[in-house]
Amino acid sequence: MSATWLLVLLIAISATGYGLGRARAMASAGGNARQLHSLPRYYGLNVLMTVLAPGLLVLLAWLLIQPMVAGNRAASLIPDSAFADRGALNLMMSDVRRIADGLDTAVGQGRLTDAESRNLDAGGDIRGLLGEAGVALGSDVNATVLAAAQRYRAVTSTGQLWMTIAVLAFALAGLAYSYLRTDKTLRARNLVERGLLSLLVAAASIAILTTLGIVLSLIFNTFEFFRLYPAWDFFTSLTWSPSFGGGSQLGILPLLWGTLYISLIALAVAVPIGLFAAIYLSEYATRRVRSIVKPLLEVLAGIPTIVYGLFALLTIGPLLVEIFGAGGLLGLGWMKGGTAVMTAGLVMGVMLIPFVSSLSDDIINAVPQAMRDGSYGLGATQSETVRQVVLPAALPGIVGAILLAASRAIGETMIVVLGAGAAAKLSVNPFEAMTTVTAKIVSQLTGDADFASPEALVAFALGMTLFVITLGLNIFALYIVRRYREQYE
Amino acid sequence: MTETSAQPEGKSSLYRLDPRTRNRNAAEKRFRLYGILAITVSLLFLAVLLGTIIRNGLPAFQQTFITIPVLLDEEKLDKNGNRDPADLAKVTTFKYGPMIDEALEANVTSLGIETPFKKAKELSAILSANAASQVRDFVLADPGRIGTTVEFRLLASSRVDGYLKGRVTRDSVARDKSIDAEHLDLVDALRAEGVISKGFNLSFVTGADASESRPEQAGIGVAMLGSFFMMLVVLALSLPIGVAASIYLEEFASKNRFNDLIEVNISNLAAVPSIVFGILGLAVFIQFAHLPQSAPLVGGLVLTLMTLPTIIISTRASLKAVPPSIRDAALGVGASKMQSVFHHVLPLAMPGILTGTIIGLAQALGETAPLLLIGMVGYIASNYPAGIAEGFLNPNSAMPAQIYEWAKRADPAYYERAWGGIIILLLFLMAMNIIAILLRRKFERRW
């Protein structure tokens with residue numbers, strides 16, 4: 001029985017369980033709901049819960065584990081001599097899975113009988129057959145792969161039989177257990193609420209699972225990468241020249257330099273503009289101006305990054321070339337192409353303006369009015385108050401905001417992918433094309449590279465570096481903001 | 001207060017400012033000016049950005065069409081004359097191409113336009129490569145019309161389209177292999193006769209992506225469906241999970257290690273770069289769980305994980321805004337803690353939760369970077385999903401991924417499409433944000 005039908009059946013059983021539990025509770029109270037400990041529906045829900053929870057858990061666990069077991073059993077049929085390395089084995093295994101799925105599809109469509117599908121000959125045109133069934137194969141099928149696929153199918157179909165039995169057994173056991181326990185004195189509501197609470201805890205734990213998933217997938221693949229490529233070279237080499245044929249040099253330093261350079265330019269644009277905008281809005285602007293300008297600034301924050309990327313590539317880049325390029329307005333010839341550190345940096349700066357301004361706005365507003373009044377009382381002008389009283393008081397918060405903006409700039413992808421160029425270079429000329437960590441993650445992982453080569457795995461090491469840097473910046477920023485908060489409350 | 005200043009010379013008066021005060025006042029004015037300047041600059045950026053989008057994107061909604069009568073020649077299309085659909089389907093677009101070219105040539109001669117072209121085939125440069133399949137689809141749908149002359153509104157080639165929109169000029173044509181200046185003369189003449197005209201381009205909004213060489217045919221409709229299915233996944237997962245997590249953290253969680261860990265994780269996840277979520281999706285959903293690559297389901301899962309922190313943060317804020325007296329009153333009349341939350345607090349917080357969810361969805365809709373890693377780019381979204389299940393599981397693109405794909409292509413005609421796609425994307429985002437604002441205005445309660 002397939003998982004979908006099993007799920008439908010589970011739901012049907014649990015719905016029956018609801019009715020049964022409710023009826024039994026009512027019967028035990030002689031039809032008078034006031035004799036019950038809980039409302040009648042809680043007795044039904046209690047039974048429903050004890051059917052669904054074990055049934056679904058078993059189903060889920062089985063669905064996760066079964067493909068792994070079947071894959072291992074099938075892979076054990078492939079001799080070591082048939083593949084060169086782990087990547088080749090992975091490719092073969094994905095063929096095995098496709099063939100197994102394809103044969104099942106073909107049987108489902110009635111192109112083959114079950115017996116025929118089991119006795120296929122590798123010499124026959126399996127590829128053509130599966131093609132007709134709508135499953136395209138990359139290459140012809142050889143005997144080893146076919147045997148593995150047949151083993152995979154066999155394990156899967158016995159597995160599915162046992163899954164059906166196990167799930168139904170657990171569900172029915174749950175039904176029997178809670179049905180027999182149902183009685184007018186049973187504290188059904190407390191049981192149901194405890195079940196609900198564990199559901200809430202599970203939902204909240206997804207945050208932990210996500211972090212765990214990120215960290216594990218990064219660490220696992222990063223170690224895999226460092227087995228193939230020395231870590232020392234990765235962190236110290238000054239060249240980045242991947243070639244999928246082998247012999248690549250994968251030094252992170254040029255990428256880090258590009259990332260930091262672009263972020264620096266972005267911050268040089270965003271911090272003064274954002275900060276002054278925040279100061280003006282919170283200290284000078286009338287309520288009316290504030291109510292118009294603030295939402296408009298937030299529009300800048302709501303625009304997707306792909307739009308900024310396109311803006312950099314097609315508008316700002318050519319514009320900068322016209323000014324700084326050869327034969328441009330200034331006749332400097334500094335810039336050769338539209339994609340450059342400056343292009344990406346400027347546009348990213350614009351993107352960060354609302355980020356800096358709204359964060360600093362909150363922080364400046366949090367400075368107690370008494371401090372301003374004291375300063376005015378001593379005869380300071382408004383700007384002197386801002387510069388000498390408000391800003392120093394808000395400084396830790398503003399530094400935190402700038403750090404958060406820096407972390408955003410370092411992790412930004414679309415603007416640099418489109419605006420910064422693809423060449424990894426160590427140069428100080430901001431009008432030259434450079435590339436960043438995020439842009440290289442994208443370029444190393446898109447395309448059909450298999451995940452066993454160092455050229456693809458390096459993306460995980462880059463991602464790890466990025467994750468550590470941004471996480472460090474965020475924690476540092478939060479630490480500073482938290483210290484600041486303690487000063488005034 | 002008295003005017004006892006610390007001036008060395010007592011010559012200042014209330015009427016005449018001394019130099020120091022003048023300096024201080026000037027500094028004040030400068031400071032205020034910096035603020036105004038900063039705001040002006042950022043608003044200017046916004047205006048330039050929006051102006052650029054509209055100026056470059058609006059032409060994508062217009063397309064050049066060539067309206068000509070075409071004789072559906074029975075000799076060529078149905079040699080056996082039996083109108084058998086299987087036979088008709090065997091005739092490929094290669095047969096249709098010359099037929100259309102001849103129809104165009106006949107039309108040109110009948111209008112009395114002189115051209116230097118000798119063969120009908122030379123005229124095909126002004127027609128889209130799609131024209132043949134357009135006519136073929138018509139014939140296959142209605143074989144009864146074979147043998148008659150039917151008026152078709154065929155797509156012009158992207159160069160002709162660009163010429164009418166000002167993107168292609170006679171200077172740029174000189175370096176172009178696919179079209180000559182003579183073609184443009186012909187286009188001018190045909191335009192004067194009304195054969196070539198610009199019209200609203202519905203197929204840009206509803207159509208499918210096309211291959212690199214046919215920008216005139218490309219549309220964003222299929223990618224829009226991909227985005228739609230992704231948003232369904234995000235909504236169906238992130239709303240219940242986000243609300244459940246927020247209820248736990250806000251109403252039930254006591255202060256202990258485990259709950260602190262959850263809090264720290266949520267605030268950190270909110271600041272993790274989106275590309276890292278793409279790496280997670282690639283490693284966990286595709287490499288490990290073997291879910292189909294490029295599928296909206298996987299995209300939706302990744303975007304769910306990405307938007308969950310946003311939704312949790314805003315949901316907690318709206319739960320917190322419900323005054324404790326409501327909870328106390330519910331507990332006072334005998335409700336359990338769980339009942340007080342689900343029967344009273346949650347309904348009251350619902351408008352705020354929905355607002356936060358819509359804003360989270362808008363963020364997810366515009367996100368591109370994680371989609372690049374799970375393979376929703378580079379895939380040519382040329383077919384509509386056949387059904388609901390296929391919509392979730394078959395490879396598709398998404399709106400921002402489609403825009404990125406167009407921006408990468410070499411033909412500048414695709415840039416226009418990319419800008420046009422951005423207009424559509426921004427319209428969606430604007431609509432979602434406006435709905436969120438209206439919801440907040442209508443239902444927000446202050447206690």
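Here is a short chat, in questions and answers, about a predicted model.

Residues count from 1 along each chain as its sequence is written, with chains lettered from A and ligands numbered from 1 in the order in which they are written. As the model is predicted, local features need pLDDT of at least 70 and side-chain atom pairs count only at pLDDT 80 or more, while totals for chains, interfaces and linings use all residues.

Me: Is chain A a compact globule or more spread out than one?
Reply: Chain A has 17 helices and two strands, counted as DSSP runs (helices H or I, at least four residues; strands E, at least two; numbered from the N terminus). Its radius of gyration, taken over C-alpha atoms, is 32 Å, and the globule rule (2.2 Å times the number of residues to the power 0.38) gives 23 Å for 489 residues. The 32 Å is well over that, so chain A is more spread out than a compact globule.

Me: What share of the residues in chain A is buried?
Reply: Buried takes 20 or more other C-beta atoms within 10 Å of a residue's own, exposed 12 or fewer, and partly exposed is in between, with C-beta atoms placed from the backbone. Across the 489 residues of chain A, the buried share comes to 43%.

Me: Is A:Ala143 buried or exposed?
Reply: A:Ala143 sits in helix 6 (residues 143-181) of chain A. It has 10 other C-beta atoms within 10 Å, so A:Ala143 is exposed.

Me: Which helix gives the most to the side of chain B that touches chain A?
Reply: Contact here asks for C-beta atoms, placed from the backbone, within 7 Å. That brings in 65 residues from chain B and 66 residues from chain A. With 17 residues on the chain B side, the top contributor is helix 1 (residues 19-57).

Me: Where does helix 13 of chain B bend?
Reply: Helix 13 has 25 residues, and 22 of them are buried. A bend is the angle between axes fitted to the seven residues ending at a position and the seven starting there. In helix 13 of chain B that angle is about 40°, with B:Pro309 following within four residues, and the spot is B:Thr307.

Me: Which residue has a positive phi although it is not a glycine?
Reply: Look in the loop between helix 12 (274-288) and helix 13 (296-320) of chain B. The residue there is buried, with 22 other C-beta atoms within 10 Å. Its phi is about 65°, and it is B:Ser294.

Note on methods
Contact = placed C-beta atoms within 7 Å. Expected span 1.5 Å × (residues − 1).
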